[in-house]
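I opened my notebook to look up a few charged and polar side chains. Here is what I had on screen.

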Amino acid sequence: MSRSPFPYFRGRRLRTGNNLRRMVAENHLRKDDFIAPLFVMEGENSKTEIPSMPDYYRFTLDLLLKEAEEIAELGIPSVLLFAKVPDEKKDNEGTEALNPDGLMQQAVRAIKKEIPELVVMTDVALDPYSSFGHDGIVKEGQIINDESAGLLAKMAVSHAEAGADFVAPSDMMDGRILLMREALEEMGYPNTGIMAYSAKYASSYYGPFRDALDSAPGFGDKKTYQMDPSNAIEAIKEAVSDESEGADIVMVKPGLPYLDIVRAVKEAVGVPVSVYNVSGEYSMIKAAAEKGWLDEEQAMMEALIAFKRAGADLIATYFAKDAARLL
Ligand code: PBG
């Protein structure tokens, strides 16, 4: 008895022109969705292009401020800061990470002073500060959890003290969100938010980022703390657990190879979900475009709308400025 819906249903009717396509678009990108990552380095009046990330730079603090202003003027509401630490300041105790006058703390203070409305988020992890290039403290070849989590909580407080609106722990130690939330409350920063990297996978797509910060692991890999790409149910467990420990936003990372995880996490939590469109995803599009194999703008916009379709509320992306200009 079933009758083919044709010709009553013709999907093409809704695709006949640009205006109509816009009217029936199910998802929309907005500048408000973007978080722009920023790399800061020591020195003055200089910027260095990251070799594996064409058109993306590390800035000294003076030039970083100009970059942050440009980002704010484009209508992007938020930046995510990463500091490049010189080798001689790296150790296994995160000493420089807690320095109230460290580069990260200075950068936060400077940006909040010049552009108070910009939502400043800071990366909280030890790898850029670690002589071993790991996200936690190393003992006898192991990345030890609880001591690392305690140190990361202090680091979060140090960023809050400098004026960070959000701390963004990217380390994947167990229990660190709870310790951070408690430490922030105790130390008088109840309004500092936590954007937890909850489902962060041990991914090869971080390669260009490790170039940017000179933060590649000195031995082994990160598989004892970052997640196995085979797993999805575990990602939900991690996100729900971070939410219950006090995360205000939970993140899935990387982005494009993990869109199923974005959707699953979105359906499992009651806080906004962010996705990190990581360095390798950026570089792949850039490299293919350089070769003339892809249209850069179209590939970029298609990737970004895919995050919205998957359910992401926020997107950390190196394309933030380029995309904002097109919106
Ligand atoms: C470090 C950190 C990494 C990224 C953000 N924070 C790399 C890693 O875990 O090794 C990756 C970001 C990117 O690739 O764009 N804690």
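Is Arg176 buried or exposed? I looked it up before anything else, keeping in mind that the model is predicted. Arg176 is buried, because its relative accessible area is 2% and the cut-off for buried is under 20%.

**Entry: the partner of Arg176.** I then checked which side chain Arg176 meets in a salt bridge, and found Asp171, at 3.1 Å from N to O. Asp171 has a relative accessible area of 0%, so I noted Asp171 as buried too. I wrote this down as a salt bridge with a buried acid and a buried base.

**Entry: a network.** Next I followed salt bridges that share partners, and they join Glu67, Glu70, Lys321, Asp322 and Arg325 into one network. For the structure as a whole, I have 22 salt bridges in my notes.

**Entry: two more pairs.** I looked up Glu147 and found a salt bridge to Lys139, where the closest N and O atoms are 2.9 Å apart. Glu147 is partly exposed, because its relative accessible area is 43%. Lys139 has 42%, so Lys139 goes down as partly exposed as well.

My other pair was Asp101 and Arg109, a salt bridge with its closest N and O atoms 3.7 Å apart. How do the two ends rate for accessibility? Asp101 counts as exposed because its relative accessibility is 51%, and the cut-off for exposed is over 50%. Arg109, with a relative accessible area of 38%, is partly exposed.

**Entry: a buried threonine.** I moved on to Thr122, which sits in strand S5, residues 119-124. Its relative accessibility is 0%, so Thr122 counts as buried. Which side chain does Thr122 touch in a polar contact? I found His159, with 2.8 Å between the two side chains in that contact.

**Entry: a positive patch.** Last, I turned to the surface and asked myself which residues form a positive patch there. They are Arg10, Arg12, Arg13 and Arg15. I picked Arg15 for a closer look: this arginine lies in the segment before helix H1 (18-23). Arg15 counts as exposed, because its relative accessibility is 53%. I left a bookmark on Arg15 as my exposed arginine and another on Arg176 as my buried one.

Definitions and conventions: Residues numbered from 1 in each chain as written. Predicted model: local features only at pLDDT ≥ 70, side-chain atom pairs only at ≥ 80, totals over all residues. Heavy atoms only, no water. Patch = residues over 30% accessible without salt bridge, like charges linked within 9 Å, V, L, I, M, F, W, Y side chains within 5 Å. Areas by Shrake-Rupley, 256 points an atom, 1.4 Å probe, with all protein chains shown as cover. Salt bridge = Lys/Arg side-chain N within 4 Å of Asp/Glu carboxyl O. Lys, Arg positive; Asp, Glu negative; His and termini not counted. Charge placed at Lys NZ, Arg CZ, Asp CG, Glu CD. Helix = DSSP H or I, 4+ residues; strand = E, 2+ residues; numbered from the N terminus. Buried < 20%, exposed > 50% of the residue type's maximum accessible area, 1.4 Å probe, protein only. Polar contact = N/O pair within 3.5 Å; in protein donor to acceptor, adjacent residues only side chain to side chain.
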